[in-house]
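I opened a fresh page for this chain. My plan was to look up the charged side chains, then the helices they sit on.

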Amino acid sequence: MLSADIINKERAITEMTLVLRKIFSEPEICTAAMEIAAKHVNDPNARVLIAEELSATTNVKIPVEHSEADTLFLDLLIDMAKDANALY
C-alpha cells in the first residue's frame, strides 16, 4: 500500500472516530440521523440529501464534497435505514 493511501485511511478512521464521539456525547443525533436516513433512503441522491439535512439540523457537519469517512458514514446510515425498513 502506498504511503498516501495509508495516510488517507488513517484520516478516514480519525474522522469517523470524531463523528462517533459526537454521536455518543449527543445521543439525540443518532435518532435524528436515522429519521433523516429513513426519509431519503430510496432517493437516487440519498447521500446528498441526508448530508444536507443532517448538517442543517444537527451538530454533525458534512461538507458538500464528501470525504471517504463521510461516504462511509452516509452509507452506514442508508444500510441501517434499509435494514429497518426490511423489518416492517
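Entry 1. Which side chain of opposite charge is nearest to D70, and how far away is it? I kept in mind that this is a predicted model. I found K22 as the nearest candidate, 10 Å away. A salt bridge needs a nitrogen within 4 Å of a carboxyl oxygen, and D70 has no salt bridge although it is buried.

I then looked at what surrounds D70, which lies in helix α4. Its side chain reaches the backbone nitrogen of S67 at 2.9 Å. Leaving out residues up to four places away in sequence, I listed E15, I62, P63 and E65 as the residues that D70 touches.

Entry 2. I stepped back to the whole chain. I noted 4 helices and 0 strands, in the order α-α-α-α along the sequence. The C-alpha trace spans about 45 × 30 × 25 Å along its principal axes. Of the 88 residues, 30% are buried. I also looked up contacts with a separation of 6 or more: 54% of them join residues 24 or more positions apart.

Entry 3. How many salt bridges does the chain have? I got a count of 3. As a reminder to myself, side chains of opposite charge can pair when their charged atoms come close. I went through the pairs in turn.

K9 and E68 meet through their side chains, with N to O at 2.9 Å. K9 is in helix α1 (residues 3-25) and E68 in helix α4, so this salt bridge ties together parts that are 59 residues apart in sequence. I checked exposure as well: K9 is partly exposed at 39% relative accessibility, and E68 is partly exposed at 36%.

K39 and E53 form another salt bridge, and their closest N and O atoms are 2.7 Å apart. Here K39 belongs to helix α2 and E53 to helix α3, so the pair ties together parts 14 residues apart in sequence. K39 is exposed, with a relative accessible area of 54%, whereas E53 is partly exposed at 21%.

R47 and D75 also meet in a salt bridge, at 2.8 Å from N to O. R47 sits in helix α3 and D75 in helix α4, so parts 28 residues apart in sequence are tied together by this pair. I noted R47 as partly exposed at 36% relative accessibility and D75 as partly exposed at 26%.

Entry 4. I turned to helix α3, having met it in the salt bridges of E53 and R47. Does its span agree or disagree with the 1.5 Å a residue expected of a helix? The 12 residues of α3 (residues 46-57) should span 16 Å, and the end C-alpha atoms are 16 Å apart, so the two agree.

Which residues of α3 are buried? I listed A46, I50, A51, L54 and S55. These residues cover an arc of only 145° around the axis, which means that they lie on the same side of α3. A56 and T57, on the other side of the helix, are exposed.

My last lookup was what covers the buried residues of α3. The cover includes α2 (28-40) and α4 (68-86). I added a cross-reference here: α2 carries K39, the partner of E53, and α4 carries D75, the partner of R47. D70, where I began, is also in α4.

How values were computed. Residues numbered from 1 in each chain as written. Predicted model: local features only at pLDDT ≥ 70, side-chain atom pairs only at ≥ 80, totals over all residues. Heavy atoms only, no water. Helix = DSSP H or I, 4+ residues; strand = E, 2+ residues; numbered from the N terminus. Expected span 1.5 Å × (residues − 1). Buried < 20%, exposed > 50% of the residue type's maximum accessible area, 1.4 Å probe, protein only. Arc of directions from axis to C-beta. Contact = heavy atoms within 4.5 Å. Lys, Arg positive; Asp, Glu negative; His and termini not counted. Polar contact = N/O pair within 3.5 Å; in protein donor to acceptor, adjacent residues only side chain to side chain.
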